[in-house]
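Visitor: Could you take me on a close look at one part of this model, and then show me how that part sits in the whole? I would enjoy a connected tour rather than a list.

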Amino acid sequence: MSTPTATPTKTVAELEAHADEQVVFQRPETLTSANFSYCPGCTHGVVNRLMAEAIDELDIKGRTIGVVPVGCSVTAYDFFDLDMAQAAHGRASAVATGIKRANPDSIVFAYQGDGDLASIGTAETVHAATRGENITVIFINNAIYGMTGGQMAPTSLPGQVTQTSPYGRDTKTMGFPIRVCEMLATLDGPALVQRVSVDSPKNIRQAKAAIKKAFSYQMDGVGYSIIEVISSCPTNWGLSPVAALDWLRENMLPYYPLGVFKDAGAAPAEAETEASHE
Ligand SMILES: Cc1ncc(C[n+]2csc(CCOP(=O)(O)OP(=O)(O)O)c2C)c(N)n1
Ligand code: SF4
Ligand SMILES: [Mg+2]
């Protein structure tokens, strides 16, 4: 459940001393004052912030319920000032389905990593999508199992060195990475299927717009949305935060092209333009 936000108390003298200052950046209301527990440079925190900004701007904080996974974002219930539930590994979309069906006026999101959503939770993911559940799924693809120390994920790239593929992912024995958006876009159920990235200011702005659109589709009853966010895991990639973003751009974006794969709510001309996938 939500954690109360601590309100710092200031004396009148302190307030007067800062009376001329203009606030240009502050924590969204939907985030608590808890410190993120993510590693330095991890993009989980960027995405949490974008989601909180979108919830604030859509004015749905009072009726939004989040479902967090097993993975590095397991403690996100401490970060969002919302009613939160934690699902067993891979089951967030199924839990979100139940919460939404029992509380149809609420806005429900599932926040899931790639190991969670595309490995152990593949069945729940595909079936929530094909049923067209009116939920919002935020999918963090960092090409690795972050929390457990860097094992190969279904999204790890061909040749990628991980703890369980020390000579690089060999597609002959380990198979090929799953492109979740492309796969789900073949289904009739989903309303919005989009892949974004948070490696640059421009891409972060696009990611925010996509997340906001997904929530607004749920508000309007348009149906199931999944926003895949190409993300970094500097710790388990063994790179500095900046080098991790370079690696993401050079290796992940060519394999996982950004774009809108399905948008049932788009006007026909808009949908045609989006189909070119940037
Ligand atoms: C049923 C079950 N199997 C395995 C685990 C161990 N486990 C915890 S987190 C995790 C991987 C998480 O990776 P991902 O979903 O990609 O999230 P990330 O930490 O990268 O954000 C695994 C395998 C578990 N908790 N429960
Ligand atoms: S292990 Fe990776 S995904 Fe997990 S918090 Fe650290 S950088 Fe982020
Ligand atoms: Mg992961």
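Guide: Happy to, and let's begin with one pair of strands. In this predicted model, strand β4 (residues 136-141) and strand β6 (residues 225-230) run parallel and are joined by six bridges. For one pairing you can pick out on screen, take I140: its bridge partner in β6 is V229. As background, strands of a sheet pair through backbone hydrogen bonds, either parallel or antiparallel.

Now step back to the sheet that holds this pair. It is an open sheet of seven strands, and reading across it gives the order β2-β1-β3-β4-β6-β5-β7, with mixed pairing. In that order β4 follows β3, and β6 is followed by β5. The edges are formed by β2 (83-86) and β7 (259-263), each of which pairs on one side only. From one strand to the next, the twist averages 20°.

From the sheet we can move to the two ligands. Around ligand 2, the residues include N142, G146 and M147, and also C233, P234, T235 and N236. The remaining members of this shell are Y38, C39, C42, H44 and C72. Helix α10 (residues 234-237) supplies the largest share of the shell around ligand 2, with three residues. For anyone thinking about the chemistry of the surroundings, the shell of ligand 2 divides into seven nonpolar residues, five polar ones and no charged ones.

Ligand 1 is surrounded by 19 residues, and the closest are G71, G113, G115, D116 and G146. You may recognise G146, which is also listed around ligand 2. Here the largest share comes from helix α5 (residues 114-120), which gives four residues to the shell. By class, the shell of ligand 1 has nine nonpolar, eight polar and two charged residues.

Finally, the whole chain. The protein chain has 12 helices and seven strands. Its radius of gyration is 19 Å, close to the 19 Å that the globule rule gives for 278 residues, so the chain is as compact as a globular protein of that length. Along its principal axes, the C-alpha trace spans about 70 × 40 × 40 Å. Of the 278 residues, 45% are buried. Contacts tell of the fold as well: among those with a separation of 6 or more, 67% are between residues 24 or more positions apart. The β4 and β6 pair, with its six bridges, is one place to see strands meet in this chain.

Technical notes: Residues are numbered from 1 along each chain as its sequence is written. Chains are lettered from A and ligands numbered from 1 in the order in which they are written. This is a predicted model: local features need pLDDT of at least 70, side-chain atom pairs count only at pLDDT 80 or more; totals for chains, interfaces and linings use all residues. A residue is near a molecule or strand if its C-beta atom, placed from the backbone, lies within 6 Å of it. Helices (H or I, at least four residues) and strands (E, at least two) are DSSP runs, numbered from the N terminus. Ala, Val, Leu, Ile, Met, Phe, Trp, Tyr, Cys and Pro count as nonpolar, Asp, Glu, Lys and Arg as charged, and the others, Gly among them, as polar. Two strands pair if DSSP finds at least two bridges between them. Axes are lines fitted to C-alpha atoms, for helices over the stretch in contact, and angles run from 0 to 180 degrees between N-to-C directions. The radius of gyration is taken over C-alpha atoms; the globule rule is 2.2 Å times the number of residues to the power 0.38. A residue is buried if 20 or more other C-beta atoms lie within 10 Å of its own, exposed if 12 or fewer, and partly exposed in between; C-beta atoms are placed from the backbone. Two residues are in contact if their C-beta atoms, placed from the backbone, lie within 7 Å.
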